[in-house]
Amino acid sequence: MKKASSIVCSFLFILGPMALGSRLGASQTGPAMPDDIKAVFKERCAVCHKGKYPPKRLNLEPEGLPASLLNAPSREQPALKLVDTESPEASYLLKKIKGREGITGKAMPPPGKAALTGNEIALVENWIMGLKEGPPAIAFRELGYGSGGLLASSAPTQDPADKSKKSKSAYEKPPFWGTRLVNLPTGMTMDKGDFLFRISHRLVPSVRTGYDTAWGLDGPSMAFVSLGYGITDRIGVTVGRSGLFKEMEFSSTWLVLEQGENPSLPFSVAVNGGLSWVTQKQEDRGAFNSRNFKINAQAILSRQFNERLSVLVMPVYSSNTNHWEAAVQGTFSIGIGGRFMFLDNLSLIGEWVPVLAGYKDIANGWGLGIEKKIGGHVFQFFITNSIGLTSAQFVTGGDLRLNKGDLRIGFNIFRTF
């Protein structure tokens, strides 16, 4: 009898967790979220609340639901839970989508975004209110092992959200909003599956031309248009075209190490590289002549000191930067830049690109301006001495001398979708 009892206990000990695995997993993840509720979050909420740096660090992409909401404290009002399974009517999420009194900030979605319909709000509310009525999770002590037994210690755990979508940084906002800081690449990458459209302009006339050209605003200008795609959260590819030399640029950025991954690593490391192709017609060669191609590379070291201040430094190299000359010559520079956010999502940005070796334009390159983040857009407006837009063009420095009062107006616009 004792032997039989021993065998039964052994089977319970070994097979019990396996037999109850799915239910134990459910107790860790919480109640399931129906597909129609996930669709509401995907289409109406995850438009903004997505990626590595979502607003209020709240990622609402479907793969992280419902774990990212259940009994998670609100960052706006930590005393309240986003979805309170004990008191569903007190859930802060309901207050935000209904626009009730007592919320911090504005109702969600924010002004400018289509509000949730009455049916969508009802779907979410019914799901939240029904959580309290759900069956209780299985407790380990029901099997007689106690809260500190072996079964409890070996229970499966659930990742509260998709790790690939979460930044390991301690800061709510990224070190840089755009993939460029005037001209220098920042090492920021698109989230997996996202597209990034960029348009940049550099006015050709100097502001010193005065009233006759509206201080350069009458143009003409050099434009750069590009489209990027996030292969993963760390790797993105981009293709673009500059009006200067009718130059095509094919590039890729890889975020190798992210600040915060390792306590001993106080900075992020990224690499950016690619190929530029001059398609402008030239009398002495065809479009596919090897002298029309340039190889570009940057190793980007960036440091985020806090949510307001970030800096970067990088070696910058491009081959064949004087492609119009018979003697082939490349350029090696050092890029130094930074961002200081002095108001909410409004920052001062600046960069300096001294040329250390190889072909050089008239002066070392520089740029200084302001940056504003609005929803999925990033706007940058600045003054600079460089007309170059691709890596091979800005690495050679600027074509205007600051000591003569020369500078020009430029801007970058980024749109993620």
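## A buried asparagine

Let's start with one residue: Asn183 has a relative accessibility of 2%, so it counts as buried, the cut-off for that label being under 20%. Keep in mind as you look around that this is a predicted model.

Where along the chain does Asn183 sit? Its place is the loop between strand 1 (180-181) and strand 2 (184-185). Leaving aside residues up to four places away in sequence, Asn183 touches Arg202, Glu351, Ser386, Gly388, Leu389 and Phe394. Try picking out each of these partners in the structure above.

## The chain as a whole

Now zoom out. The chain has 417 residues, and 44% of them are buried. Its secondary structure comes to 7 helices and 15 strands.

How many of the contacts link residues at least 24 apart in sequence? If you take the contacts between residues at least 6 apart in sequence, 57% join residues at least 24 apart.

## Two helices that cross

Next, find helix 3 (residues 35-45) and helix 5 (residues 118-129). Their axes come within 10 Å and cross at roughly 125 degrees. That angle makes helix 3 oblique to helix 5, because it falls outside the ranges called roughly parallel (under 35 degrees), roughly antiparallel (over 145) and roughly perpendicular (65 to 115). The crossing of helix 3 and helix 5 is left-handed.

Which residues make this contact? From helix 3 come Asp36, Ile37, Val40, Phe41 and Arg44, while helix 5 supplies Glu120, Leu123, Val124 and Trp127. Sorted by type, the residues where helix 3 meets helix 5 are 6 nonpolar, no polar and 3 charged.

## Strands side by side

Finally, follow three strands. Strand 5 (residues 235-242) pairs with strand 6 (residues 247-257) in the antiparallel sense, over 8 bridges. One pair to look for is Val237, whose bridge partner in strand 6 is Ser252. Strand 5 and strand 6 form a hairpin with 4 residues between them. In the turn you will find Phe245, which has a positive phi of about 65 degrees.

Strand 6 also pairs with strand 7 (residues 268-278), again in the antiparallel sense, this time over 10 bridges. Here Ser251 has Gly274 of strand 7 as its bridge partner. A general point helps when you look at strands like these: in a regular strand, the side chains alternate between the two faces of the sheet.

How values were computed. Residues are numbered from 1 along each chain as its sequence is written. This is a predicted model: local features need pLDDT of at least 70, side-chain atom pairs count only at pLDDT 80 or more; totals for chains, interfaces and linings use all residues. Side-chain values use heavy atoms; hydrogens and water are left out. Axes are lines fitted to C-alpha atoms, for helices over the stretch in contact, and angles run from 0 to 180 degrees between N-to-C directions. Helices (H or I, at least four residues) and strands (E, at least two) are DSSP runs, numbered from the N terminus. A crossing is left-handed if the near helix is turned anticlockwise from the far one by less than a right angle, and right-handed if clockwise. Contact means heavy atoms within 4.5 Å. Ala, Val, Leu, Ile, Met, Phe, Trp, Tyr, Cys and Pro count as nonpolar, Asp, Glu, Lys and Arg as charged, and the others, Gly among them, as polar. Two strands pair if DSSP finds at least two bridges between them. Buried means under 20% relative accessible area, exposed over 50%, partly exposed in between (1.4 Å probe, protein chains only).
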